[in-house]
Amino acid sequence: TAVEGLSTALGLLGCTAAIYDLEHQTSTIRYESTLLNTPFYGRILLMDNFRAGYDQLLNGNYFQFCGLVAYPERGQRVAMLACPIKDENAVLGDLWLVHYADFGFQQQDIRLVEQVANQCAIALRQARLFEAAQAQVKELERLNHLKDDFLSTVSHELRTPMANIRMATQMLELLLSRQETNQDSEALYRYMQILHEECDRETTLINDLLDLSRLESGTEPLLLSCINLHDWIPHIVQPFYDRTLIQQQTLELEVSPNLPCITTDLDYLERVITELLDNACKYTNVNGQIRLTVRAIDATGNAISEMQYVNGFQIIVRNSGTEISPEELPHLFDKFYRVPNNDPWKYSGTGLGLTLAQRRVNQIQGAIAVTSHNNWTTFTLNLPVNITSTDSTSDRSSIETPLLED
């Protein structure tokens, strides 16, 4: 556009724009507009062949001249104006303007050319910055894939010794159970319990890392099924009643009646709900409350009772006794993030639970958000009635390696 615009505005015989390769001292003509018979587009010119001219251009100066004899490749004498394309760091290229021999470029012409050259320099610099940024993005993606591959490989390698450790502890327990009870065996049982607990912790971490690797790679297919949340949710919540009773907490469940069926990946949904309830039990104080609400919503996200207007479902998990600062809320779904003011010894975990929950919610085309105020923390999960995509509904069990089991 710049080359053609200058040619039209100044009535030129020709105009070229070239890019410099300072390492090899060459100038490559990338754009050209010409009325002459011999095009120069694509030519690579050696700066040493016109050292006097290129020295001026490399110093950031323009110059004009008229040949004393006919220009060999143009067949006539011509007047030329050369202007550098430069920014604050270096000379990036040049503009060459060709006119009839009796033409002299006036100061206003030169100012116009310099302004165009400045705009070209800005465009070139922005393009190069963009290319550099794209290259960095590709490199980061490559490193991320390498990280995922490494994580997956290491996790798989760790699972084999963990399975052996679990089997060995079970055999030891079996042998100890056959011995008479005494003080020594009681101590051994305590040690065995420690081994079991630590083995479970390690197994959970390995499985979480494997899940995260698969979810981030996008290779995890969905296994869709249709179910009624009113009948299904109580079975998911049932194990948490005993836990909250032991911890002197109150768990309330409210599921709207006559909910329509939902088509989703039930394994993903169960893991998300379980993670949210586990989180609530972990951070709720004694005599605190935990509430799980399931309801139908319309297109605006408001709860409704008329089933013909159902646009989706909303699952809300609330717990009292904790309040997270606004500065911490945006980071809750970050990998390995732990709220700084929480005691890491009191609240065990790797900081992957909510990350995995968010990834699974995204996979089933839902959305999850968190708010915290007035000593209550609330996780809100919005789900569609049906998942729109059907290209990933193959059986997940056919491609994934089974997780370690208790």
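Two residues are in contact here when heavy atoms of theirs lie within 4.5 Å of each other. Keep that idea in hand as we walk through this structure, which is a predicted model.

Let's start with helix α5, which covers residues 229-246. Several of its residues are buried: Leu-229, Trp-232, Ile-233, Ile-236, Val-237, Phe-240 and Thr-244. What do the buried residues of α5 pack against? Their partners are the strands β7 (224-227), β8 (250-255), β9 (262-265), β10 (289-297) and β11 (312-320), together with helix α6.

Now look at the shape of α5 itself. The helix has 18 residues, and from its first C-alpha to its last it reaches 27 Å. That is close to the 26 Å expected at 1.5 Å a residue. Still, α5 bends by about 35° at Val-237, and a proline, Pro-239, follows within four residues.

Follow the chain past the helix and you come to the loop between α5 and β8, where Gln-248 lies. The phi angle of Gln-248 is positive, about 55°, although this residue is not a glycine. Is Gln-248 buried or exposed? With a relative accessible area of 49%, Gln-248 falls in between and is partly exposed.

Some of the buried residues of α5 bring us to the cores. The largest nonpolar core has 49 residues, and those with the most contacts inside it are Leu-229, Ile-233 and Leu-277. Its largest share, nine residues, is supplied by helix α6 (residues 266-283). A second core, separate from this one, has 19 residues, including Val-3, Cys-15, Leu-92 and Val-113. For a closer view of the largest core, find Leu-277. Setting aside residues up to four places away in sequence, Leu-277 touches Val-237, Phe-240, Leu-251, Ile-290, Leu-292 and Val-317.

Next come the sheets. Strands of a sheet pair through backbone hydrogen bonds, either parallel or antiparallel. In one open sheet, five strands are arranged in the order β8-β10-β11-β13-β12, with mixed pairing. Because β8 and β12 stand at the edges with a single partner strand each, one side of each has no neighbour in the sheet. On average, neighbouring strands here are turned by 15° against each other, direction ignored.

Within this sheet, β12 and β13 pair in the antiparallel sense over seven bridges. As one example, Ser-372 has Thr-377 in β13 as its bridge partner. Two helices can be placed against the sheet. Helix α5 lies across β8, β10 and β11, running at about 175° to β8. Helix α6 also packs on the sheet, where it touches β8, β10, β11, β12 and β13, and its direction makes about 20° with that of β11.

Between β12 (367-373) and β13 (376-384) there is a loop, and Asn-375 lies in it. Like Gln-248 earlier, Asn-375 has a positive phi, here about 70°, although it is not a glycine. Asn-375 counts as partly exposed, at 42% relative accessibility.

Finally, turn to another open sheet, made of six strands in the order β3-β2-β1-β6-β5-β4, with antiparallel pairing. Which strands stand at the edges? They are β3 (44-46) and β4 (63-66); each has a single partner strand, so one side of each is left without a neighbour in the sheet. Neighbouring strands of this sheet are turned by 25° against each other on average, direction ignored.

Strand β5 (residues 78-86) is a good place to pause. It pairs with β6 (residues 91-100) in the antiparallel sense over nine bridges, and the two strands form a hairpin with four residues between them. Along this pairing, Ala-82 has Trp-96 as its bridge partner, and Ile-85 stands opposite Gly-93. Strand β4 also runs antiparallel to β5, joined to it by four bridges; Gln-64, for instance, is bridged to Leu-81 in β5. Why is β5 described as largely enclosed by the rest of the structure? Eight of its nine residues are buried, so the description fits.

Helices pack on this sheet too. Helix α1 (residues 2-10) touches β1 (14-21), β2 (26-34) and β6, and its direction makes about 145° with that of β1. Helix α2 (residues 51-58) touches β1, β2, β3, β4, β5 and β6, with its direction at about 125° to that of β6.

Terms used:
Residues numbered from 1 in each chain as written. Predicted model: local features only at pLDDT ≥ 70, side-chain atom pairs only at ≥ 80, totals over all residues. Heavy atoms only, no water. Core = buried A, V, L, I, M, F, W, Y, C linked by side-chain atoms within 4.5 Å. Buried < 20%, exposed > 50% of the residue type's maximum accessible area, 1.4 Å probe, protein only. Pairing = 2+ DSSP bridges. Axes fitted to C-alpha atoms, helices over the stretch in contact; angles between N-to-C directions. Expected span 1.5 Å × (residues − 1). Bend = angle between axes of the 7 residues up to and from the residue.
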